[in-house]
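User: Please take a close look at one part of this model and describe how it is packed. I would like the residues and the geometry, in plain terms.

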Amino acid sequence: MIGPLPERSFCLIRHGETTANRDGIIAGHLEVSLTEQGIAEAKFLQHFQWPEQLTLYASPLQRAMKTAQLGFSGHEPVLEKNLRERDWGNLDGKELAHLCPRHMTPPDGEPWTGFIARTQSAITRILLSSDNKLPVIVAHSGTIRVVRFLIGLDYNSSSPANGQPFLYTPQERHWHQHELTPTTDITVLLVKNIKD
């Protein structure tokens, strides 16, 4: 069953660039490697002003797991199987031009509603089990689309950039998406969210 997310702040990051991203290929559940650029994007996460108290989670697909390990060397990511990218079935490995509309079920693939429910369930478990630490989740563009769908933002726009962190904060029954930069004081944003 699809429901709202628990009202607590969390950070979501798309993995670094992969060979599939570079070559315009649908990856889905396929294992694909980070490119040199993707490795650099992952390492660049070390330059952000992360709060001391955080819990790191990642999709078990190598591209997300490796990004988490490279970007947060002091933390071992907790792997959450339901954070995997959408299963595009027979479309996995094909060029992006073959991608079907999001609301349609790809041949032998995962329905959009099933992907939403799976992702929502995983993020809910993470948010409810992170105590007072900021949950930082390294996953996929599809994961970010689902979160945007769940909180009422545009989820059909262009894919989020590889290696780009987003902070999601609930404020007065509405969610806000903050695109983080290395100069963003994340702790100040979190405190401001609590006061507001």
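The part in question is helix α5 and what surrounds it. Which elements do the buried residues of α5 pack against, and where do aromatic rings come into the picture?

Analyst: The model is a predicted one, and the account below starts at α5 and works outwards.

Helix α5 covers residues 141-150. Of its 10 residues, 9 are buried, so the helix is largely enclosed by the rest of the structure. The buried set consists of Ser 141, Gly 142, Thr 143, Ile 144, Arg 145, Val 146, Val 147, Arg 148 and Leu 150. These residues pack against the strands β1, β4, β5 and β6 and against helix α4. After α5 comes Gly 152, which has a positive phi near 85°.

One residue of α5 leads directly to the aromatic rings. Arg 148, which is among the buried residues of the helix, lies over the face of Phe 166, at 5.2 Å from the ring centre. Phe 166 belongs to one aromatic cluster together with Phe 10, Tyr 168 and Trp 175. Phe 166 and Tyr 168 are both buried.

The structure holds 10 aromatic pairs. In one of them, the rings of Phe 44 and Phe 48 have centres 5.9 Å apart and planes at 85°, so this pair is edge-to-face. The rings of Phe 166 and Tyr 168 have centres 6.5 Å apart and planes at 40°, so that pair is tilted. In the edge-to-face pair, Phe 44 is partly exposed at 42% relative accessibility, whereas Phe 48 is buried at 9%. A further case of a charge over a ring is that of Arg 86, whose charged end sits over the ring of Trp 88, 4.3 Å from its centre.

Strand β5 spans residues 165-171 and is one of the elements that the buried residues of α5 pack against. Gln 171 lies in this strand and is buried, with a relative accessibility of 16%. The side chain of Gln 171 makes a polar contact of 3.0 Å with the side chain of His 176.

Helix α4 is the helix that appears in the list of packing partners of α5. Helix α4 runs over residues 112-128, and its 17 residues reach 24 Å from the first C-alpha to the last, close to the 24 Å expected at 1.5 Å a residue. Its buried residues are Trp 112, Phe 115, Ile 116, Arg 118, Thr 119, Gln 120, Ala 122, Ile 123, Thr 124, Ile 126 and Leu 127. What covers them includes α5 itself, along with the strands β1, β2 and β4.

The loops on either side of α4 each hold a residue with an unusual backbone angle. Most residues other than glycine have a negative phi. Asp 108, in the loop between β3 and α4, has a positive phi near 60°. Asp 131, in the loop between α4 and β4, also has a positive phi, of about 50°. Asp 108 is exposed at 66% relative accessibility, and Asp 131 is exposed at 64%.

The chain just before α5 brings in another group of contacts. His 15 lies in the loop between β1 and α1 and is buried at 3% relative accessibility. Beyond its neighbours within four places in sequence, His 15 is in contact with residues including Val 138, Ala 139 and His 140, and also Arg 63, Ala 64 and Thr 67. Asn 21, Asn 162 and Gly 163 are among its contacts too.

Ala 64 shares part of this environment. It is in helix α3, residues 62-71, and is buried with a relative accessible area of 0%. Ala 64 touches His 15, Val 138, Ala 139 and His 140, and also Ala 58 and Ser 59, leaving out residues up to four places away in sequence. Between Ala 64 and Ala 42 the C-alpha distance is 9.4 Å, with 22 residues separating them in sequence.

Ala 42 is in turn one of the buried residues of helix α2, with Gly 38 and Glu 41. The three cover an arc of only 100° around the axis, which puts them on the same side of α2. The buried residues of α2 pack against α3, the helix that holds Ala 64.

Definitions and conventions. Residues are numbered from 1 along each chain as its sequence is written. This is a predicted model: local features need pLDDT of at least 70, side-chain atom pairs count only at pLDDT 80 or more; totals for chains, interfaces and linings use all residues. Side-chain values use heavy atoms; hydrogens and water are left out. Helices (H or I, at least four residues) and strands (E, at least two) are DSSP runs, numbered from the N terminus. Buried means under 20% relative accessible area, exposed over 50%, partly exposed in between (1.4 Å probe, protein chains only). A polar contact is a pair of N or O atoms within 3.5 Å; within protein, one must be able to donate a hydrogen and the other to accept it, and residues adjacent in sequence count only if both atoms are side-chain atoms. Contact means heavy atoms within 4.5 Å. Rings of Phe, Tyr and Trp (its six-membered ring) pair if their centres lie within 6.5 Å; planes under 30 degrees apart count as stacked, over 60 as edge-to-face and the rest as tilted. A charge sits over a ring if NZ of Lys or CZ of Arg is within 6 Å of the ring centre and within 35 degrees of the ring normal. The arc is that of the directions from the helix axis to the C-beta atoms. The expected span of a helix is 1.5 Å times one less than its number of residues.
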